[in-house]
Amino acid sequence: MDERLKMIEELLKHPLGPDDVFKFRCKQCGGCCRDRNDILLSPFDLCRIAKALDKTISEVLSDYGHLYVGDTSKVPLISLKMRDDNGKCHFLREDNKCGIHSSKPAVCALFPLGRSASKKDGKTEIFYILQPTECGDRDETHTPREWMGEFNLEESEDWFFIWQGIVFEISEHTRKLLPKLPESVVNEMMIGMANILYMRYHLDKPLPPQVKENGILALKMLKMIEDMLSHAG
Ligand code: SF4
Ligand code: SF4
């Protein structure tokens, strides 16, 4: 097993609940804001950033997002794009502080915590892990719940729960469907699905019902393609 998989397996043995304690103090060195390709943006993040910058979601996506298909999940994903000239995040200021601090993506806000979800007996369960990092100090004690509070992310667990449920469900279909489709159809399908999942939001309306509605629409699209394939076969 490669080292990275071993490390992930080891981390998953020590999940943290929202009120478990961990020790960490960020020294605001900006080290975690460079050369990253793993900062995933959910629709919740895109909407928060769009509101903070007074931009549309489509502008945020084209200026700061990189759309790709997840290797394992086969779901369209968006990561935060770094600058081409120096590998830094577009939002990293000269003083190493985040230019969108109170609206930063949940992945950034949670660091050094990582949040994940697993599906057990048909139920989605959320947990946190403390990522191995040499940065910062270990002289402050926190809990995931209180750590998220600084970024107004207390409600994000509910939100993450809804989003992960949709991602799991879509992934179950796309992993079976993709090998049966020509590449050109896969590309079109992924672009269509990305538009549904990430772009169709009214920023002034509550997001969770809109996310659910978009998830249902994306699943309908997949089922339509499955039906067409089964009739053609
Ligand atoms: S989390 Fe770590 S790498 Fe990021 S700014 Fe804080 S101390 Fe630096
Ligand atoms: S959004 Fe803010 S915290 Fe996240 S990588 Fe960019 S500068 Fe760093």
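**Exercise 1. Find which residue just after H2 takes a positive phi, and say whether that residue is buried or exposed.**

Step 1. In this predicted model, Asp-54 comes just after H2 and has a positive phi of about 55 degrees. Helices (H or I, at least four residues) and strands (E, at least two) are DSSP runs, numbered from the N terminus.

Step 2. Asp-54 is not a glycine. Most residues other than glycine have a negative phi.

Step 3. The loop between H2 and H3 holds Asp-54.

Step 4. Count neighbours: Asp-54 counts as exposed because it has 8 C-beta neighbours inside 10 Å. A residue is buried if 20 or more other C-beta atoms lie within 10 Å of its own, exposed if 12 or fewer, and partly exposed in between, with C-beta atoms placed from the backbone.

A note on the conventions: residues are numbered from 1 along each chain as its sequence is written, and chains are lettered from A and ligands numbered from 1 in the order in which they are written. As the model is predicted, local features need pLDDT of at least 70 and side-chain atom pairs count only at pLDDT 80 or more, while totals for chains, interfaces and linings use all residues.

**Exercise 2. Repeat the analysis for Asn-96, a residue other than glycine with a positive phi.**

Step 1. The phi of Asn-96 is near 70 degrees.

Step 2. Asn-96 sits in the loop between strand S3 (76-80) and H4.

Step 3. Asn-96 counts as partly exposed, because it has 13 C-beta neighbours inside 10 Å.

**Exercise 3. Describe how H2 and H3 pack.**

Step 1. Two packed helices are described by the angle between their axes and the distance between the axes. For helix H2 (residues 43-53) and helix H3 (residues 57-64) the angle is about 100 degrees, and the axes are 9 Å apart. Axes are lines fitted to C-alpha atoms, for helices over the stretch in contact, and angles run from 0 to 180 degrees between N-to-C directions.

Step 2. H2 is therefore roughly perpendicular to H3. Angles under 35 degrees count as roughly parallel, over 145 as roughly antiparallel, 65 to 115 as roughly perpendicular and the rest as oblique.

Step 3. H2 contributes Leu-46, Cys-47, Ile-49, Ala-50 and Leu-53 to the contact, and H3 contributes Ile-57, Val-60 and Leu-61. Two residues are in contact if their C-beta atoms, placed from the backbone, lie within 7 Å.

Step 4. Sorted by class, the contact has eight nonpolar residues, no polar and no charged ones. Ala, Val, Leu, Ile, Met, Phe, Trp, Tyr, Cys and Pro count as nonpolar, Asp, Glu, Lys and Arg as charged, and the others, Gly among them, as polar.

**Exercise 4. List the buried residues of H2 and find what they pack against.**

Step 1. Pro-43, Phe-44, Asp-45, Leu-46, Cys-47, Arg-48 and Ile-49 are the buried residues of H2.

Step 2. They pack against H3, H4, helix H6 (156-177), helix H7 (183-199) and helix H8 (207-232).

Step 3. Take Arg-48 as an example: it has 25 C-beta neighbours inside 10 Å and so counts as buried. Its C-alpha atom is separated by 9.7 Å from that of Ile-100, 52 residues apart along the chain.

**Exercise 5. Compare the shells around ligand 1 and ligand 2 by class.**

Step 1. Around ligand 1 lie Cys-26, Lys-27, Gln-28, Cys-29, Gly-30, Gly-31, Cys-32, Phe-111, Pro-112, Cys-135 and Gly-136. A residue is near a molecule if its C-beta atom, placed from the backbone, lies within 6 Å of it.

Step 2. This shell has six nonpolar, four polar and one charged residue.

Step 3. Around ligand 2 lie Cys-33, Ile-39, Cys-89, Phe-91, Leu-92, Cys-98, Ile-100, Lys-104, Pro-105 and Cys-108.

Step 4. The shell of ligand 2 has nine nonpolar, no polar and one charged residue.

Step 5. Return to the shell of ligand 1, which includes Phe-111 and Pro-112. A cis peptide bond with omega of about 15 degrees joins Phe-111 and Pro-112. Pro-112 lies in the loop between helix H4 (106-110) and strand S4 (113-120).

**Exercise 6. Summarise the chain as a whole.**

Step 1. The chain has eight helices and six strands.

Step 2. Their order along the sequence is α-β-α-α-β-β-α-β-β-β-α-α-α-α.

Step 3. Of the 233 residues, 22% count as buried.
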